[in-house]
Each structure stands twice: as structure tokens, then as C-alpha cells.
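User: Hi! Could you pull up the model so we can talk through it together?
Analyst: Sure, happy to. Here it comes.
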Amino acid sequence: MTTTAATETTPSTGLDHLEIRGVKKVFGENTAIERLDLTVHKGEFLSLLGPSGCGKTTLLRMIAGFEAPTDGEILLAGKDIVSLPPHRRPVNTVFQSYLLFPHMNIADNIAYGLKQAKVPKPEIAQRVREVLALVQMEDFAGRRPEQLSGGQQQRIALARALVNRPQVLLLDEPMSALDRKLREEMQLELKRLHTKLDTTFVFVTHDQDEALAMSDRIVVMYDGVIQQIGGGEDIYANPHNGFVAGFIGKQNFITAEVTSTDSGIARMRTANSTVLEAPSLDLRPATAAGQPRQLQVGDRVRAAIRPERMRVARATADTTAANSARGTVMSYSFLGDVIQYMIVVGDNDEILARVPAAGTQPLAAGTEVELSWEADAVDVFGSETGDVGPREGGA
Ligand code: ATP
């Protein structure tokens, strides 16, 4: 949790970003992290996002120094930090549990690391004051942790990490113990802090909304492998594989078979005879060699269409046009700005559609509807087995 006085005053070299090169982590028989490369830019807010067990915490703990990589290098400002113990690295971690010392008041909790590093007393007092102001908790210096709410304790945990002036602030699901409203407030607070400071933030979360709301870039992980890195909008609009398409945002997956691939248009047919057309002939994910493979007649695929790309209208005549389907409204929910429909097509294809709520009356359960979508709303992925990026030595 602490850092040295020497690193606190190191001037910016312009190189002080984080580079993870060929890092791998094996626990016994279990490979938690496959050989992984990642560059974190100076001052960016980067989120590691993925389901439980994907390896995001392990990666963060290796940056912090709580775990040693089985292989690979971790460079900060061009220097390998792997051999440095946690307290000698110019990084600090904020954990989900606040880990404040119960017998110390707030000011002493924040000052603890600086005292250990033998920073002069007047400087400690000054820095504690500054950091309390930064997290807007100036009036709480004399209180004990148990006299603060969960959200306030988390702010103090942040202050305690920031007082060391780390080059990189690591945040391990720091808001998961907070209720939803407080969590949203803390998200804004963290963004505000990040904008104010020149610090690189690496944030671990399994919550895609949180990652989308806060990050400059998101690293989507699954099974110890990076699936995609990019800005939230890019990942949402252009997922590289079926896992990413399904993990970020709501998604409709429709299983279909390719029936023709003429003039740059792939035609696909579902079991209930819905015809889909998509402009791309590339099947994602790319092969292990990184080459997209062209769709071929007979390929079994999963087409993905976002709920907000679906149009919903009362059915008039039966439709046989491509990129449309007749269905029945099973239920709807009013979500404020949108109405979300659950619509069944054919025997049991459940389709989620989200349409703007303004000026429309919801269509009741049982209403026969026509769904339609544009060809560019259709993303095409391999069948489920080819759904994620390959592990090392995999296909
Ligand atoms: P969560 O969101 O549940 O914390 P995560 O994505 O952070 O999950 P990790 O905690 O990094 O995942 O775990 C990745 C894999 O490594 C899991 O299979 C986990 O069981 C394993 N693992 C993590 N730490 C250890 C350890 N100390 N010993 C053995 N296996 C471990």
C-alpha cells in the first residue's frame, strides 16, 4: 500500500507508462493468464473487464507486485519492476474492502504510508490536507473509520492511495460493496479525480456499464486471454468475436446457415426460415494467424443484432423479405427512454427489441408484429466453439 519517497518525486519522463510484455501466470495446473502483451498509456483510464475467473485480478496483482509472473516483463517508465516488492513500486492499489486501520483516525490512516517512508512531518500534514480536499472529505480528518459510511470509507481508501502520488493507481473492483446510487456517485467522483490528476488508472471490473461509463479504453478478457482492446464505443459497435458481442451490451444471437455469398452479400437462413443478409463476408473471430476467413455456403453461424437496431411495427401482411421477421410480443417493459420488447419469432427464437418510448404507445403482449433491421446491423460470428480468441497453442 505504500511507496517510497524517491519514487514520489520522480519527474515525468514521458516514458512512464506501463508495458506488460509476454506475461504469463500459472497457479499449479491452472494457467490464469496466457502469455499477454498490453501497453497502458500515461494518464489513461484503462479498465480490465471480464467475467469471474478471467484473470483480471491476477493481472492487476502482478502489476502491484502481490503476485510474481511465471514469465514475462512488466515495465514502468521503461524499467522492469518485476523484481521490486510492492512497496517499492510507484503504484498503489485500492481494494474492494477498504482495509482502513480501525484504531487510527482518518488523517493517521492516510498518513501511514508517508510516515513509513519517513517523509518529514510538515510535508505529511500538508499532503494529507491536500488529498482530503481532493476527495472532498476535509471535515472528517479526526474521525475513526467506523464513524464513516461505506462510500466515505472508500473515498478515504482512495485518498490513502493517492497521497503517495503513485504513477499508476490500481483499482480492484473498488465499488462493488456500494449500493447502486452510491456506486454511480463514486463513478463520477473517480472520473473527476482522474481528470484532475496526471495519474494512470487501471481499473478492474466485471460490470460492463461501469467500464463503458468510465474508461478511455477497455481490455475485455476471457479465460486468461485478451479478447479485444478499444474504446467503449468501438468495442460496442465492432466486437471482434461472439464473446465480446455478447458480454458488452445486450445482444440478439440468431443461429443460421449460409445459403449464398454473392456480390459481397452473405445470405443466411434460420431454422424458422428467416432470411438474414449481411454485407460482410468475413467470419469473426479471425483465425489464430489473425486472418479473417470468408464465409462459405453451408457455414453454421451466429448472427448478432443489437436490440436497438430492431424496428418493431404492427404486422400487416406476412413478410418474406430479407432482414425482417414476423413475431408475437410476449412482454414489454417501460425503461424510461425506451420500451423493451420480448418478441418470439417462429417456434422459440426470442428477440429483444428496444425502441424509443417518446410518442409511442407500447404494443401489448399478444400483438403480431413485424421486426426489421438494416443489413449493416448484422454481425456474423462463428458457431459457439469458435467464439473466443485462442489460448496459446490453440486453434
Ligand atoms: P473475479 O472477478 O471473480 O475476482 P478474476 O477475473 O479477477 O475473477 P482471478 O482472480 O484473476 O479472476 O483468477 C483467475 C484464475 O486464477 C481463476 O481460475 C482462479 O481460480 C485462479 N487463481 C487466482 N488466484 C489463485 C491462487 N492464489 N491460487 C490458485 N489459483 C488462483
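User: Which helix and which strand each supply at least two residues of the shell around the ligand?
Analyst: Those are strand 2 (30–40) and helix 2 (56–64). Keep in mind that this is a predicted model. Helix 2 gives the most to the shell, with three residues.

User: Nice. What classes of residue make up that shell?
Analyst: There are four nonpolar, six polar and two charged residues around the ligand. Among the residues surrounding the ligand are F27, N30, K56 and E173.

User: Which polar side-chain atoms lie 2.5 Å from an oxygen atom of the ligand?
Analyst: One belongs to T57, and another belongs to T58. On the backbone side, a polar atom of C54 is 3.0 Å from a ligand oxygen. As for coverage, the protein buries 58% of the 630 Å² that the ligand exposes when taken alone.

User: Switching topic: how many aromatic pairs are there in the whole structure?
Analyst: The search finds seven. In one of them, F45 and F201 are tilted, with 40° between the planes and 5.4 Å centre to centre. That pair links distant parts of the chain, since F45 is in strand 3 (residues 45–49) and F201 is in strand 8 (residues 200–205), 156 residues apart.

User: Are those two buried or exposed?
Analyst: F45 and F201 are both buried. Ring pairs also join F45 and F201 with F203 in a cluster.

User: And where do the charged ends of R302 and R306 sit?
Analyst: R302 has its charged end over the ring of F253, 4.1 Å from the ring centre. For R306, the charged end is over the ring of Y236, 3.9 Å from its centre.

Definitions and conventions:
Residues numbered from 1 in each chain as written. Predicted model: local features only at pLDDT ≥ 70, side-chain atom pairs only at ≥ 80, totals over all residues. Heavy atoms only, no water. Phe/Tyr/Trp six-rings, centres within 6.5 Å; stacked < 30°, edge-to-face > 60°. Helix = DSSP H or I, 4+ residues; strand = E, 2+ residues; numbered from the N terminus. Buried < 20%, exposed > 50% of the residue type's maximum accessible area, 1.4 Å probe, protein only. Lys NZ or Arg CZ within 6 Å of the ring centre and 35° of its normal. Near = heavy atom within 4 Å. Polar contact = N/O pair within 3.5 Å; in protein donor to acceptor, adjacent residues only side chain to side chain. Areas by Shrake-Rupley, 256 points an atom, 1.4 Å probe, with all protein chains shown as cover. Nonpolar A, V, L, I, M, F, W, Y, C, P; charged D, E, K, R; others polar.
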